[in-house]
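Me: Please take a close look at the open sheet in this model and describe how its strands are arranged and what packs on them. I would also like the disulfide to be covered afterwards.

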Amino acid sequence: MIFNNVTLLAVFLPSILVVNAIKEILVVVITTNKESSYYGSKVAIDLLNKDYNISEFFKFEFYFDDGNEGLAVKHIVDILKENRRIFAVIGSQKSASSMAIGQLLKHYNVPQISPNSASPLLSDKDEYPYFLRMTNSALERNLVRIKILKYFGWRRVFVITEALEFFYEIYDHFYQQANSNNITIADNFIVHSKEDLTTIVPKLIDHDARVIVIFAYNTVTRYYLCQAYLHNLYGKRYVLVLPSNIQKLILTSSIFPDICSPEQANLVLDGSLREAGSSVSNEMYFPYGNTMYNINDLVQKMYDYMKGSSSLGYAGSAFDAVMTTVLTIENLMPKNTSEFWEIDQIEMGKSILAKLLNADFNGFLGKIQFDKHGNLKRNVIIQKYLKENADNPVEVGLYDGITGDIEFTTKPYINVPKDEKSRQLILKKLSSVKCLDVPRTHDE
């Protein structure tokens, strides 16, 4: 069964953590203050310090860019001005910041791992030769969307695209993939401002649109929900396929109270499908030592750090980014770290990058393997929104990032609530819900 309750994870670290640390191994973390990636990184570092005292030779320094690429670059430049050697950078969360510091780091042969930056541009190894990420490229998610459409036999779809370069590139790739899989894009409606949806939604009705794929950020998507409600474009005859950048909790609150209520928006949202990041692994295996960790304890620790948040967000990605970086560098490290420092910067950067690209173990998020572009071959969960529990979409499918296979289940599964009692209460409420009820398209 693809949806098992997580229990234990095993982390194996090498015994060389007793090395003689003469000089610091500086790892810079560029993140957003008090967000999930920050907390995930802190949990991983705390774990490694507690069990292996890595602070004896690793030095992690946190810098906050808050989504500002100029600030991210300034942090790196300030460190380099001090003639300090950076062995790796973790971050940033935002694609724009990751691209900005990636352009700089390549000149210093410094590997970089982002917890989440999804821009397709970052897959260009000529521009970003030292960049890796703990997620798929935004373009790779199109392969998941095509799999969903083919699985349910949806051969005629409509698309709504927000007028941004990021979404244009995703749509162009989606169009090519749809074309090669005999899926017809009946129309693509461009949204320059949210008000455009007041005319787009009636056009969808006129064209008898049943399956609608949206490439847009939260504001446009929420405005669509309200307009679709006003025009009765919802119910079992219709389905939305939403992008992973849509935040589930945001969708359950309305920022347009003069147009529709959250409850009304949820009626449109009911039955929608969304591809999301992979859930936590059943077990975590690093091919080195002999240490076991309980995954529920780690999850709870992340929630404790986040002080009441109902979602792990990017905490798991950041956790894996830290663990992968430490294990890779440590695997290359001689017993005396002063010898490590004597290795040429170019040679060291290339060695660390090669080790990262050849990573192969089970991490917090599942299998850790990168493709040649530095993208994690990450599993992708297919979630379904149900009006009975709109704030926590249920998991109904899994896309295997390594094999490319997709599998669905008819049994609801939820991994979001913090405690098992809450999860079971939600499952009980959803026990009569048929997760894979799907609309019939007009040509059926």
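Reply:

**The open sheet and the disulfide**

Five strands form an open sheet in the order E3-E2-E4-E5-E6, and their pairing is parallel. The edges are held by strand E3 (58–64) and strand E6 (131–133); each has a single partner strand, so one side of each is left without a neighbour in the sheet. On average, and with direction ignored, neighbouring strands of this sheet are turned by 20° against each other. The model in which this arrangement appears is a predicted one.

At the E6 edge, strand E5 (residues 112–114) pairs with E6 in the parallel sense through three bridges. Within this pairing, glutamine 112 has phenylalanine 131 in E6 as its bridge partner. Helix H10 (residues 315–332) packs on the sheet, where it touches strand E2 (25–31), E3, strand E4 (86–90) and E5. The direction of helix H10 makes about 160° with that of E4.

As for the disulfide, the count comes to one. Cysteine 226 is joined to cysteine 260, with an S to S distance of 2.0 Å. The pair links distant parts of the chain, 34 residues apart: cysteine 226 lies in helix H7 (residues 218–230), while cysteine 260 lies in the loop between strand E10 (239–242) and helix H8 (262–269). The link of cysteine 226 and cysteine 260 is left-handed, with -55° about the S-S bond. Cysteine 226 counts as buried because its relative accessibility is 1%, under the 20% cut-off. Cysteine 260 is also buried, with a relative accessible area of 2%.

Technical notes. Residues numbered from 1 in each chain as written. Predicted model: local features only at pLDDT ≥ 70, side-chain atom pairs only at ≥ 80, totals over all residues. Heavy atoms only, no water. Disulfide = S-S within 2.5 Å. Helix = DSSP H or I, 4+ residues; strand = E, 2+ residues; numbered from the N terminus. Buried < 20%, exposed > 50% of the residue type's maximum accessible area, 1.4 Å probe, protein only. Pairing = 2+ DSSP bridges. Axes fitted to C-alpha atoms, helices over the stretch in contact; angles between N-to-C directions. Contact = heavy atoms within 4.5 Å.
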